[in-house]
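Please open the model in your viewer, set it to a cartoon representation, and keep the selection panel at hand for the stops that follow.

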Amino acid sequence: MLDLLEMHKSFLTAHLRPGDVAVDFTMGNGHDTEFLSKTVGDTGKVYAFDIQELAVESTRKRLSGSDCPRNWELILASHDRAPEFVREKIRAGIFNLGYLPGSGKKELTTMRETTLPAVASAVDMLGEDAVLIVAVYPGHPEGKAEGEELQKYFSSLSKYKYTAAEIKLVNSPTSPYFFAIETK
Ligand SMILES: C[S@@+](CC[C@H](N)C(=O)[O-])C[C@H]1O[C@@H](n2cnc3c(N)ncnc32)[C@H](O)[C@@H]1O
């Protein structure tokens, strides 16, 4: 059976090479940060953002206890502030929207007011042959609304500069799905 969350990794690996710069815009427990760190290697760089100290600590623990290269920078700040910290163009970015799994703090979910500007500036940060993944969880009301607004925004991107795809299970509307934006 198709696993959409595994499938988005193949979009990332199709673009990422050793030495690249990548951003995890929703660090959480650091699974995506770890994946990016290992993929870009010693000469690459990974920035990761979260608004929860708990997420930063959990990720620090994960990365320090694994064989990740020391190429990561964990930033306790909202992802709409990413342009203050990331000055270079990026090869890949990922937003895994929603709340921190296992924290019980479902109120600290990503919200449209910050998700939308953060995603728009992430699109601006993409360099050549780059990709942005945005995973959406429509099973809760804010997640559903985020997905709808993102769909409108991505539909407005120039087809001459980007390919913007939405990958979802049409027979299971509450299952997670993702957008993949690639620069031409
Ligand atoms: C679904 S989790 C991410 C899972 C993570 N990528 C992983 O691999 O474990 C979503 C995360 O987004 C964080 N978040 C919510 N609002 C945010 C914001 N404005 N800026 C950055 N992170 C935010 C939450 O604290 C939560 O940890």
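A crossing of two helices is called left-handed if the near helix is turned anticlockwise from the far one by less than a right angle, and right-handed if it is turned clockwise. Keep in mind throughout the tour that this is a predicted model.

With that convention in mind, begin by selecting helix α5, residues 112-125, together with helix α6, residues 141-155, whose axes come within 10 Å and cross at roughly 30 degrees. Angles under 35 degrees count as roughly parallel, and α5 and α6 are therefore roughly parallel to each other. Turn the view until one helix lies in front of the other, and the crossing of α5 and α6 can be recognised as right-handed. Now show side chains at the contact, where Arg-112, Thr-115, Leu-116, Val-119 and Ala-120 in α5 meet Ala-145, Glu-146, Glu-149, Leu-150 and Tyr-153 in α6. Coloured by class, this contact of α5 with α6 comprises six nonpolar residues, one polar residue and three charged residues.

Next, select the strands. Seven of them form an open sheet with mixed pairing, and the order to follow across it is β3-β2-β1-β4-β5-β7-β6. At the edges stand β3 (72-76) and β6 (162-167), each with a single partner strand, so that one side of each is left without a neighbour in the sheet. On average, and with direction ignored, neighbouring strands of this sheet are turned by 10 degrees against each other.

Stay with β6 and add its partner, strand β7 (residues 177-183): β6 and β7 pair in the antiparallel sense over six bridges. Within this region, label Ala-165, which stands opposite Ala-180 in β7.

Which strands does helix α1 lie across? Selecting residues 4-15 shows α1 lying across β4 (90-96), β5 (126-136), β6 and β7, and running at about 170 degrees to β5. Bring back α5 as well, which packs on the sheet and touches β4, β5 and β7, its direction making about 155 degrees with that of β5.

Move now to the ligand and select the 20 residues around it, of which Thr-26, Gly-28, Asn-29, His-31 and Leu-100 come nearest. Both α2 (31-40) and β2 (45-50) contribute to this shell, each supplying at least two of its residues. By class, the shell around the ligand divides into six nonpolar, 12 polar and two charged residues.

For the last stop, keep α2 selected and add helix α3 (residues 53-64); the axes of α2 and α3 come within 9 Å and cross at roughly 40 degrees, which makes α2 oblique to α3. Here too a crossing is to be inspected, and that of α2 and α3 is right-handed. Thr-33, Glu-34 and Ser-37 of α2 make the contact with Thr-59, Arg-62 and Leu-63 of α3, and the residues of this contact divide into one nonpolar, three polar and two charged.

Note on methods:
Residues numbered from 1 in each chain as written. Predicted model: local features only at pLDDT ≥ 70, side-chain atom pairs only at ≥ 80, totals over all residues. Axes fitted to C-alpha atoms, helices over the stretch in contact; angles between N-to-C directions. Helix = DSSP H or I, 4+ residues; strand = E, 2+ residues; numbered from the N terminus. Parallel < 35°, antiparallel > 145°, perpendicular 65-115°, else oblique. Contact = placed C-beta atoms within 7 Å. Nonpolar A, V, L, I, M, F, W, Y, C, P; charged D, E, K, R; others polar. Pairing = 2+ DSSP bridges. Near = placed C-beta within 6 Å.
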